[in-house]
Amino acid sequence: MLVTAYLTLAALAVLCVGLELAARRALAPLTAVANPAFRSFQTLFLRGYLLALWADWLQGPYLYKLYRHYNFLESQIAILYVCGLASCLLFAPAAAWLPQAIGRRNTCLLFCLAYSACCLTKLSRDYFVLILGRMLGGLSTSLLATAFEAWYLHRHLDVCDFPREWIPTTFARAAGWNHGLAVGAGLVANLLAEWAGLGPVAPFLLAVPCLVACGWVVLWDWGRAEAEGGVGEDQSGPLLGAPSTAAAAAIPPGPKLSARARFWRACLEGLRCLLSDRRVMLLGAVQALFESVLYIFVFLWTPVLDPHGPPLGIVFSCLMAASMAGSALYRLATSSRYRLQPAHLLCAAVLLAAFSFGVLTFSTAPGRPRPLQSFLAFLLLELGCGLYFPAVGFLQGRVIPEDRRAGVLAWFRLPLHLLACLGLLALHGEVSGTGGGEGGAGTRHMFAGCAGMMIAALLAVVSLFALGRHDADLRLEGTREEGED
């Protein structure tokens, strides 16, 4: 497994470079914005945001390994993961209205403090301290998903008054860096934990100075930019995903609502949108089923492979490189040269995931483990993830109204986290009921359940595809409808 991991990483690096070059040749390059003020603002935002992402990725490869290093059982570790997922669900409403209540920049600083405290709890072997750390991690993850984007959108649209069409250039750059950061995080974590012999807690400690640097950028650089702009932190701006200033001008004036009231109103409007549009409901079902099994995969990949001695940081980099290859493959497939539709690629992603979990059901049989087959299945699953996220993001942008997107996505996350928590609790119950045992029948049964959920997701994708077969909202511009001469 040691040699396999390094050779796989080298092969995936070549594949990613080849797919990236092919995608860039096939796609029209994203027009760079020459405005120097915008470029300076974009760089300022990315400086803080990428530091936050880097600190987050550093904690991925060795989380499960750290808990095993502290001699906790798989059933106990499952509860720790459930606490993290449950806290994500519980803190999601707070993460949505905190930027409005205490300010966007202050919320980003709160993220840095909470995530630093989460990392420092990993120094303790006390189970309840680690539970507290998982809860802080859930809060931090929720804030990372909302606070930085909220600050950027507010400054871009309402303060700097840049055109809305420039927003994708920033997040395209962030997405490109994000994949590279994920691969690099695995390499650095492996260097610290295994090559330097510092143990699985080392990557978490390295994340702390990265978060401190992020907080410094947010506190001083972003604060200086706000002061020089002559506009302080606005705590009563639009919600994340709310209409822009121009769109809001068309809304009749009404009573001013608190941040909490605006959040709950957005949730109610999102629920109405979800229940009134079958396309939105089917897309939500696909997201809940697909992404919930990813949380289960995040828990299970380490105990499946770790007994066979692979370098976990390198394995993590391989998984992230496979996801990067899937993302490049998506851009190549949807280019004008091949003109595949996002709905087709979403179907392919779900099929890859279903096949991967089917393979894992057999490769994790008790007493007859096949680690190489399991590793290959994990890589195929991550390749499917690289296809899934841009495809589902495109479809969400087409079927969910922009002014209701935040509320609808909040409802999407509810069943997603519940399914993941129930799956991990079921695994905890089965492992506890059989007296423990790593990599036993519970793992195999969980993979079989995930395969069943992917079949259900595939049915939802097919229904969505059939419903919108001739729906222009679900198709890329400039492509022909099926059956058209």
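Where is the place of Arg 339? Arg 339 sits in the loop between H13 and helix H14 (342-363). The legends below belong to a predicted model.

**Figure 1. The whole protein is built from helices, with 0 strands.** The predicted model has 17 helices. Of its 485 residues, 51% count as buried. The protein exposes about 21,000 Å², and carbon and sulfur atoms supply 66% of that area. Among the contacts with a separation of 6 or more, 84% are accounted for by residues 24 or more positions apart.

**Figure 2. Residues 1-18 are mainly helical, at 94% helix.** UniProt, in an unreviewed entry, lists residues 1-18 as "signal peptide". The span contains 0% strand. The C-alpha atoms at its two ends lie 25 Å apart.

**Figure 3. Helix H13 is mostly covered.** H13 comprises 22 residues, 312-333. Of these 22 residues, 19 are buried. At 1.5 Å a residue, the helix should span 32 Å, and the end C-alpha atoms are 31 Å apart, which agrees with that expectation.

**Figure 4. Two loop residues, Asn 71 and Arg 339, have a positive phi.** Most residues other than glycine have a negative phi. Asn 71 has a phi near 70° and is placed in the loop between helix H3 (63-69) and helix H4 (74-101). Asn 71 counts as exposed because its relative accessibility is 62%, and the cut-off for exposed is over 50%. For Arg 339, phi is near 55°. Arg 339 is found in the loop between H13 and helix H14 (342-363). Its relative accessible area of 43% makes Arg 339 partly exposed.

**Figure 5. His 417 is buried in the model.** This histidine belongs to helix H16 (residues 405-433). Its relative accessible area is 5%, so His 417 falls below the 20% limit for a buried residue. Which residues does His 417 touch, not counting residues up to four places away in sequence? His 417 touches Leu 85, Cys 88, Leu 89 and Tyr 295.

**Figure 6. Phe 148 and Trp 222 form an edge-to-face aromatic pair.** A pair of aromatic rings is described by the distance of the centres and the angle of the planes. The structure holds 30 aromatic pairs. In the pair of Phe 148 and Trp 222, the distance is 5.9 Å centre to centre, with 80° between the planes. Phe 148 lies in helix H7 (residues 147-159) and Trp 222 in helix H9 (residues 202-229), so the pair ties together parts that are 74 residues apart in sequence. Phe 148 and Trp 222 are both buried.

**Figure 7. Tyr 152 and Phe 171 form another edge-to-face pair.** The ring centres of Tyr 152 and Phe 171 are 5.3 Å apart. The planes of the two rings meet at 85°, so the pair counts as edge-to-face, for which the angle must be over 60 degrees. Tyr 152 is in helix H7 and Phe 171 is in helix H8 (residues 167-195), and the pair links these distant parts of the chain, 19 residues apart. Buried or partly exposed: which word fits Tyr 152, and which fits Phe 171? Tyr 152 is buried, with a relative accessible area of 0%, whereas Phe 171 is partly exposed, with 24%.

**Figure 8. Arg 134 lies over the face of Tyr 81.** Arg 134 is at 5.0 Å from the centre of the Tyr 81 ring.

Notes: Residues are numbered from 1 along each chain as its sequence is written. This is a predicted model: local features need pLDDT of at least 70, side-chain atom pairs count only at pLDDT 80 or more; totals for chains, interfaces and linings use all residues. Side-chain values use heavy atoms; hydrogens and water are left out. Helices (H or I, at least four residues) and strands (E, at least two) are DSSP runs, numbered from the N terminus. The expected span of a helix is 1.5 Å times one less than its number of residues. Buried means under 20% relative accessible area, exposed over 50%, partly exposed in between (1.4 Å probe, protein chains only). Contact means heavy atoms within 4.5 Å. Accessible areas come from the Shrake-Rupley method with a 1.4 Å probe; for residues, only the protein chains shown count as cover. UniProt positions are given in the numbering used here, feature names are shortened, and annotations may be inferred rather than shown by experiment. Rings of Phe, Tyr and Trp (its six-membered ring) pair if their centres lie within 6.5 Å; planes under 30 degrees apart count as stacked, over 60 as edge-to-face and the rest as tilted. A charge sits over a ring if NZ of Lys or CZ of Arg is within 6 Å of the ring centre and within 35 degrees of the ring normal.
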